[in-house]
Amino acid sequence: VVRVTARHEKFAPVTVSGVPVGSGQFLRLAFRDFAASMAGTVRSVDGEPIDRAIVSVYPTTAWNAGLYEPFRAESAIDGSFRITGLRAGAVRVVVRHPKYSTIERSVSLHGRSEQHVEMFRRAEVSGRLLGEIATPFEQLSLRLRTETGELARCDVRKDGSFRFPTSISVGKAALAIERGLAAFSVSFSREHWLSIETGNEPIELEVRDPSALVGRVVDARGV
């Protein structure tokens, strides 16, 4: 069973769900509503136009399902972009570029919409773990997950220092101890939320041995 969607630059998309594959069913899809459109610019916070940024538009109802092919456009050399054939209503706009931080925003589309996006440079993230724990630092590995869904991983060196190999979008991010027995002292857990900014100083975080819960599982007879 699949979902079939027809698109046209002048009309809103029309979708038929629950179509059995291989049934030879004849589908009739009728465009009813005129399309909404989105145009705008992508610039750095310094006002410089950014070309080759990918602007994606998702319906808010399908964002988590991962089954929706978004409308996409690439910004031109002057930073401008235009997307047509959109359905009016609430959408999520995501702008990505390899050198700049990912931007997400919710937009209500009606007719012609203008969106002007300012992007921050991505940040390099490094730091050091401090403290005395039973597990050697070099047996630890870290994972960084941003609010926009980016993932980065790195190993911790013998002296507790670490550096993620890829730059990260600025904003909130969860730093987690992915491998090894340790916990962050500030959160008393294996995960700690950070604020990532361009030009950040190296991060220093105290770690501790994780707390242990000891017990025994028994049945109704106490066995």
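Two strands are said to pair if DSSP finds at least two bridges between them. In this predicted model, strand β4 (residues 54–59) and strand β5 (residues 71–74) are joined by four bridges and run antiparallel. On its other listed pairing, β4 is joined by six bridges to strand β7 (residues 89–97), and these two strands run antiparallel as well.

**The sheet around β4**

These pairings belong to an open sheet of four strands, arranged in the order β5-β4-β7-β8, in which the pairing is antiparallel. Strands β5 and β8 (100–109) stand at the edges, and because each of them has a single partner strand, one side of each is left without a neighbour in the sheet. From one strand to the next, the twist averages 20°.

One residue of β4 can be followed into both neighbouring strands: Ile 54 has Glu 74 as its bridge partner in β5, while in β7 the residue that stands opposite Ile 54 is Arg 96. As for the surroundings of β4, buried means under 20% relative accessible area, and five of the six residues of this strand are buried, so β4 is largely enclosed by the rest of the structure.

**Two loop residues with positive phi**

Away from the strands themselves, two loop residues can be described by their backbone angle and their accessibility. Arg 52 lies in the loop between β3 (36–44) and β4, and this residue has a positive phi of about 65° although it is not a glycine. Phe 188 lies in the loop between β15 (183–184) and β16 (191–196), and its phi, near 55°, is likewise a positive value in a residue other than glycine.

The cut-off for an exposed residue is over 50% relative accessible area. Arg 52 has a relative accessibility of 60% and therefore counts as exposed, and Phe 188, with a relative accessibility of 61%, therefore counts as exposed too.

The table sets out the values for these two residues.

| Residue | Phi | Relative accessibility |
|---|---|---|
| Arg 52 | Arg 52: phi about 65° | Arg 52: 60% relative accessibility |
| Phe 188 | Phe 188: phi near 55° | Phe 188: 61% relative accessibility |

Note on methods. Residues are numbered from 1 along each chain as its sequence is written. This is a predicted model: local features need pLDDT of at least 70, side-chain atom pairs count only at pLDDT 80 or more; totals for chains, interfaces and linings use all residues. Side-chain values use heavy atoms; hydrogens and water are left out. Buried means under 20% relative accessible area, exposed over 50%, partly exposed in between (1.4 Å probe, protein chains only). Axes are lines fitted to C-alpha atoms, for helices over the stretch in contact, and angles run from 0 to 180 degrees between N-to-C directions.
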